[in-house]
Structure formats: C-alpha cells, structure tokens
Amino acid sequence: MNRKKLAPAAVLLAGALWGSMGIFVRRYNAQGLESLQIVGIRAVGTTILLFLYLMAAKRDLLRIRLRDLWCFLGTGLLSILFFNYCYFKTIILTDLSVAAVLLYTAPSMVMVMSAVLFKERFHIKKVLALILAFAGCVFVTGIIGSKVTLSVAGMITGLGSGLGYALYSIFSRYALERGYSSMTISFYTFLIAGIGVLPFIGGNEVAGVVFAGPGNFFFTIAFALVSTVLPYFVYTWGLQHIENGTASILASVEPVVATIIGVALFGETLSGMEMIGIVLVLASIVICNGKN
C-alpha cells in the first residue's frame, strides 16, 4: 500500500490518540495539578523523548536553518501554547461542551486558510464532510438542549483556541514544504512550547508529582508517547500526502474516541444525541476517504 493511501489512517490514528488524553489528564488532576501544568509535562516530556531518540538514531534531523525558525515558532507558540491557553481559559469562562464546540471551528479555519495560502480547492464532498464533522462534534459534546451562557470573552478565547489548533496544520505545511521531516517538526514544536510554558507552571510542584515514584515516572513517559509523540508524528506525516482541510476533518474523530473512553473506562453514559454525533463524525470520515 502506498503512502498516500496510508495517510488518512495516520491522521485518524492521531485523532484517536489525542482522544485518549483524558485518561492521563484525569490522573494528573487527581494528584493536584492544574491544566497548564499538565501542558508543561506534555511539552517537556515530549521534547526529552524526541531529543534522546534523534540524538541516538537520526541526529541529522536536529538541524534546521535559522531562516526557517519562524515555522517552528508558529507551531510551538502560536499553535500549541496559544491554543492551550485559550482553550483552558474558555473552560473557565464557560461550559466544557461550549469550549469543545468552539475548538472544533478549527477544521473550517484550516480549510479557508489552506485555500488562500496553499490553493487547496473547495469541493462539495469536503464541504459536506466539514458540516457533518462539526455537527457531530456539537452532538457529541452534548451542547444541544443544555442551558449554557456564553460571554463575549468566552467567545473570543474559544475561537482563539480553534485558531491556535488550526495553525498547527498551516505552519507544519510550510515546514514540510521546506524539506523538514515530521520528527523534526514535532521536536522543535514542543521544545519551543516547553520553553514558553515553563515560567508559568511551578516546576517544583510538577516535579514532585512526576518523580513521586516509578509508577508516576513511567506514566509520564506513556503520557508523552501516547498523547503527543505518536499522534503529532503521524498527523504531520499524513499532512505530506493529503490536504490540510481533509486532515483536520479526519482528526475530528478525537471527541468521538474521548466519549467512547469516557463510557468504557469512567462509567459515563452515552446519550442518544452523542450516538448521533458519533455517526455524523464517522460519516464525515467516510466522505473524506471517498473519491472527489
């Protein structure tokens, strides 16, 4: 099977792995860590693992040209750090379901920006898949029928989270076009994000949790691998072979997986609306994988 045919599966795998993040976040929350501290663990842990691997096996992938640094500042600061800050701020200002729906405005932003910047064309199947994916996310989050309010500040930070999420695809595309591998992009993305977040996370408290015992230490390694190293690597690899807009729609499988994990591992209930949402997201994936 050629790489182009494997690319959609790679992006779906990335979305599924991102959807498993709740497993790790809930444990860290139970140990007293706040959201931004968890982001710090994720960024620093990912950076260390990738650095060790690249130094041992592919040292040449650590080389970047100074004139291309802006690509990695974009993925690290404008995407990862900005997205997380806005998303967590939105969670404070409004309900989690609203924050999740605003976050999943990202695929439409990716589609518009990619059309302007990379001349990716709109076609009816992609637009239909985008509508189905967004509608599915709305149903999965349970926002329909809930009595929630949304302030102007919450709307701004929520849309900001969607923009930050979308910018990873944009800046990664620029880096790929300059010849960088997905491993290089992932490493410098999280190196820069880690440096950016360190001043705000209270290092002693975080270290106390990470190094509390062998179990916590290996859990942190698993967190970095499962939630970041593997998904960002396969997602960025997939971007080499499919359009940004298609990739962002396929990655919408993330809330579906998160919902299923909530039911399977944490005893959460699955409502009829959530089931409809899962079907809609899966339908958008089928459309994306069909011929245009």
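Is Tyr 85 buried, partly exposed or exposed, and what is its relative accessible area? I start my note there, and then go through the core, the aromatic pairs and the salt bridges. Please keep in mind that this is a predicted model.

1. **Tyr 85.** This tyrosine is partly exposed, because its relative accessible area is 49% and the class of exposed residues begins over 50%. Tyr 85 belongs to helix α4, which covers residues 69–93. If you would like a distance to check on screen, take Tyr 85 and Tyr 174: their C-alpha atoms are separated by 24 Å, with the two positions 89 residues apart along the chain.

2. **A nonpolar patch on the surface.** Have a look at Ile 48, Phe 51, Leu 52 and Met 55, which form a nonpolar surface patch. Together they have about 350 Å² of accessible area. Phe 51 sits in helix α3, residues 35–57. With a relative accessible area of 38%, Phe 51 counts as partly exposed.

3. **The largest nonpolar core.** How many residues does the largest nonpolar core have? It has 84, and Trp 18, Tyr 28 and Tyr 235 are the ones with the most contacts inside it. Helix α8, residues 152–177, supplies the largest share of this core, with 9 residues.

4. **Around Tyr 235.** Leaving aside residues up to four places away in sequence, Tyr 235 touches Val 11, Ala 14, Trp 18, Tyr 168, Ser 169, Ala 247, Ser 248 and Ala 251. Two of these names come back in an aromatic cluster: Trp 18 and Tyr 168 join Phe 190, Tyr 232 and Tyr 235 there. I would suggest viewing the contacts of Tyr 235 together with this cluster.

5. **A tilted pair.** Across the whole structure, a search finds 22 aromatic pairs. One of them joins Phe 118 and Tyr 174, with 4.9 Å from centre to centre and 55 degrees between the planes, a tilted arrangement. Why does this pair tie together parts that are 56 residues apart in sequence? Phe 118 lies in the loop between α6 (106–117) and α7 (124–141), whereas Tyr 174 lies in helix α8, so the pair links the two. Both Phe 118 and Tyr 174 are buried.

6. **A stacked pair.** Phe 211 and Phe 217 also form an aromatic pair, this one stacked, with 5.9 Å between centres and 25 degrees between the planes. Phe 211 is exposed, at a relative accessible area of 60%, while Phe 217 is partly exposed, at 34%.

7. **Lys 119, for a backbone check.** Lys 119 is not a glycine, yet its phi is positive, at about 60 degrees. The residue is placed in the loop between α6 and α7. Its relative accessible area of 67% makes Lys 119 exposed.

8. **Asp 68 and its two arginines.** The count of salt bridges comes to 5. Side chains of opposite charge can pair when their charged atoms come close. Asp 68 meets Arg 65 in a salt bridge at 2.8 Å, N to O. Asp 68 also forms a salt bridge with Arg 178, where the closest N and O atoms are 3.5 Å apart. Asp 68 lies in the loop between α3 and α4 and Arg 178 in the loop between α8 and α9 (182–197), so this pair ties together parts that are 110 residues apart in sequence. As for exposure, Asp 68 counts as buried at 3% relative accessibility. Arg 65 is partly exposed at 33%, and Arg 178 is partly exposed at 31%.

9. **Lys 126 and Glu 243.** Here the side chains meet in a salt bridge at 2.4 Å, N to O. This pair links distant parts of the chain, 117 residues apart: Lys 126 is in helix α7, and Glu 243 is in the loop between α11 (214–239) and α12 (244–250). Lys 126 counts as buried at 3% relative accessibility, whereas Glu 243 counts as partly exposed at 28%. Which residues are linked in a network of salt bridges? They are Glu 120, Lys 126, Arg 173 and Glu 243.

Definitions and conventions. Residues are numbered from 1 along each chain as its sequence is written. This is a predicted model: local features need pLDDT of at least 70, side-chain atom pairs count only at pLDDT 80 or more; totals for chains, interfaces and linings use all residues. Side-chain values use heavy atoms; hydrogens and water are left out. Helices (H or I, at least four residues) and strands (E, at least two) are DSSP runs, numbered from the N terminus. Buried means under 20% relative accessible area, exposed over 50%, partly exposed in between (1.4 Å probe, protein chains only). Patches are made of residues with over 30% relative accessible area and no salt bridge: like charges are joined within 9 Å, nonpolar side chains (Val, Leu, Ile, Met, Phe, Trp, Tyr) within 5 Å. Accessible areas come from the Shrake-Rupley method with a 1.4 Å probe; for residues, only the protein chains shown count as cover. A salt bridge is a side-chain nitrogen of Lys or Arg within 4 Å of a carboxyl oxygen of Asp or Glu. A nonpolar core is a set of buried Ala, Val, Leu, Ile, Met, Phe, Trp, Tyr and Cys residues joined through side-chain atoms within 4.5 Å. Contact means heavy atoms within 4.5 Å. Rings of Phe, Tyr and Trp (its six-membered ring) pair if their centres lie within 6.5 Å; planes under 30 degrees apart count as stacked, over 60 as edge-to-face and the rest as tilted.
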